[in-house]
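My notebook is open and I have a structure to poke around in. I'll jot things down as I look them up.

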Amino acid sequence: MDPIKFNPQTRVFTLRTRSTMYQMQIERYDTLVHLYYGANLGDAEIVHRIVNLDRGFSGNPYEAEDDRRFSLDVLPQEYTAEGNGDYRIQGIEIRHPDGSNCLQLKYRSHKILPGKYSLPGLPALFARDSSDASTLEILLADSVSGVEVKLLYGVFPQCDVITRAVEVINNGSSRIALKKAMSLELDIPKRSLDMIHFYGRHNMERQTERRPVCHGIQTIESKRGMSSHHHNPAVILCDRTATEDYGECCGVVFVYSGNFQCQVELDQAEQTRLTMGIHHSNFSFRLNPGESFIAPEAVLTWSGKGLEQISHHFHDAFRKHLIRSSYVNRHRPVLVNNWEATYFQFDEKKLYGIAKAAKDIGIELFVLDDGWFGKRDDDISGLGDWYVNEKKIHGGLPALVQRIHDLGMKFGIWIEPEMISEDSDLYRAHPDWCLKVPGRNPMTSRGQLNLDVSRKEVRDYVMGQIFQVLDACQVEYVKWDVNRAVSNVYSLSLPDDRQGEVLHRHMLGVYDMMEQLVSRYPDLLLETCAGGGGRFDAGMLYYSPQIWCSDNTDAIDRLEVQYGTSFLYPVSTMGAHVSVCPNHQTGRTTSMDTRAAVAMSGTFGYELDLEHMADEDKKLAAAQIKEFKRIEPLIQSGDYYRITAPGDDHNAVVWSFVAKDKRKALVLGVTLRKYANPPITLIHLRGLEADAQYKETGSGHVYTGAVLMYAGIPLPVPETDYQAVRFEFVMLSCLDTLML
Ligand code: DGJ
């Protein structure tokens, strides 16, 4: 099967993955129309779906002469421009020097290439070898201005994903201003779709909302300079009847960590258009003749078997082709982080005490969180001063790290390189290094300002300071945090008419800093973080194999956060810790068992004062760590199934991991309320081999996969509120079955 084919007779492009097919055609007047995205239909060319009608008030290109049926306003297209008689949401808008915005993009040429394109300076999916992926480049051009748009398609047949990106090239002779450049536009000739998106807030990220796509435009977006706690840069469109394992669905994830906008419009002809890209608010890029702009990548997938398959496609694609870290399939050291144990109040004795207690129960990595540097005794000072505070860590950091290494543990450290406190030596030396609009007081947030990391000298200075610390201590893990949104968007390094470039240049600056870090320390385990999960996105996964999921460590709230996150991102990327009870964010008390069941469905760790943990809890923690190490390979590489959902009528949130060869399955979850005279809750597993025999390792009962999936099994009747659920199934071999 050729992943990419062009038929010169019909001028149809076909992109094919294992189970999906994507088609477009060069139609009349060299217009690139979108034909189809859905199930793989073999050699069929879906040209019959374009039905042209004369629609009043939908104009026609000049070349169409008296054919009033050919209108860009209703044609499904690949990439559309403003000012061209298509009044729907659009891919690109530019401003010519004469103030006009018209762009007539016509097919000019194309190339089919082996391997996957890359995007300089930007995160993007990659092929591990050239047979993993193929690239299609289609060049569209506006003959009047010389502006060209290169549409990039990366086809990953095995993972059923197609990536898209766009390069805008000014091949004309005048300077233009790029006002909008979406990365993906997708026309779906369907009404009656639902849109699933992931909204939230600090401490409650990626909540799931499903709503009908209505006429007009629905938008999710971030203008915060980061992908944000408030909306994740991803969306799923699906049939109204779609469930976890039924119906057509299409998912898009943006591989970018800054401002974004995702819009969905149902038009007059009952067709749906989806766009995803950098937000055009406060965005304007000057392109001089010969210059180009690259719009980041978006990843697209389709499923004819419901939502879980969308998740499996994304999870597999991200694990194989986005996360570069060698930790992606490796054991992640079980960690203890001192943040909730000490906040800013610690000294080297306290830290060592936690590390020592951690070592005794089998923890492998000690992470020193915020407060170790500069004059950082609270959250309003010290950011930017990346040298150790010896008033807190007497004898210096290398000595403490050595003692921790001597315990046989790894050492990790927290940094927040994109920020500066006004009360810092760095600010006193370089007050002009932050984002600040001349003549105005900046907006502060958590008492800090954004460093202007669009400037190379700023990035290099800060990273240089941090490298000195990391070099001196042999640090094995870094937690890279960012604790405020971007505002006061103005860079002293750019002229007034280029201030619309600052936000994107700032994001490129962040990526450059992360690239410096991971290339200097290729074995480092990097965990990114943004006040919890405010920058949990595919862009970050290119640099860090795990992201702190939320500052909310309450196991019950985490059920919802981790449930929403799982639609898009692999469980092995979700930072999750067992913390103390009553929980610091909610005041809720749950058992150690429940907290562990939730945190194990992520990168497992602890975040509490282990020195003062009861002996009984220490024993439980030691057993949990052993248990996690045993099940980690399945959690890391298995297929994830959402068995029940928060808010449904199961009174439990349950999920499972099924090994790729289907020989093992692990069911984890939490029952919610204990009722008097309780109902019995059945759960139905998915993804098993129907005819195979599975033994439940706890009770020894044997069931066929079909029984577990279609008849279901009862959940244990809860004896308390918030009780952990845990079942493990192993497939019996023919021999085992004979011996039964
Ligand atoms: C926000 C993070 O999410 C927390 O885990 C912690 O690192 C604090 N910042 C430290 O300031």
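Entry 1, a side chain and a backbone. I looked up Thr301 and found a polar atom of its side chain 2.7 Å from the backbone oxygen of Asp160. Note to self: this is a predicted model, so I'm reading computed positions here.

Entry 2, still on Thr301. Where does Thr301 belong along the chain? Thr301 is part of strand E19, which covers residues 292-303. Is Thr301 buried or exposed? Thr301 counts as buried, because its relative accessibility comes out at 0%, and the cut-off for buried is under 20%.

Entry 3, on to the ligand. I checked which pocket holds the ligand, and it's the second largest one. How many residues surround the ligand? I got 13, and the closest are Asp369, Asp370, Lys479, Asp481 and Asp551.

Entry 4, what kind of residues these are. I sorted the shell around the ligand into groups: six residues are charged, four are nonpolar and three are polar.

Entry 5, distances to the ligand. I went through some polar side-chain atoms and how far each lies from an oxygen atom of the ligand. For Asp551 I wrote down 2.2 Å. Asp369 has a polar side-chain atom 2.7 Å from a ligand oxygen. For Trp548 the distance is 3.4 Å.

Entry 6, how covered the ligand is. On its own the ligand would expose 290 Å². With the protein around it, 98% of that area gets buried.

Notes. Residues are numbered from 1 along each chain as its sequence is written. This is a predicted model: local features need pLDDT of at least 70, side-chain atom pairs count only at pLDDT 80 or more; totals for chains, interfaces and linings use all residues. Side-chain values use heavy atoms; hydrogens and water are left out. A residue is near a molecule or strand if one of its heavy atoms lies within 4 Å of it. A polar contact is a pair of N or O atoms within 3.5 Å; within protein, one must be able to donate a hydrogen and the other to accept it, and residues adjacent in sequence count only if both atoms are side-chain atoms. Accessible areas come from the Shrake-Rupley method with a 1.4 Å probe; for residues, only the protein chains shown count as cover. On a 1 Å grid over the protein atoms alone, a cavity is a set of points where a 1.4 Å probe fits but cannot get out, and a pocket is an open set with protein on both sides within 12 Å along at least five of seven lines; lining residues have an atom within 4 Å of a point. A molecule sits in a cavity or pocket if more than half of its atoms lie within 2 Å of its grid points. Ala, Val, Leu, Ile, Met, Phe, Trp, Tyr, Cys and Pro count as nonpolar, Asp, Glu, Lys and Arg as charged, and the others, Gly among them, as polar. Helices (H or I, at least four residues) and strands (E, at least two) are DSSP runs, numbered from the N terminus. Buried means under 20% relative accessible area, exposed over 50%, partly exposed in between (1.4 Å probe, protein chains only).
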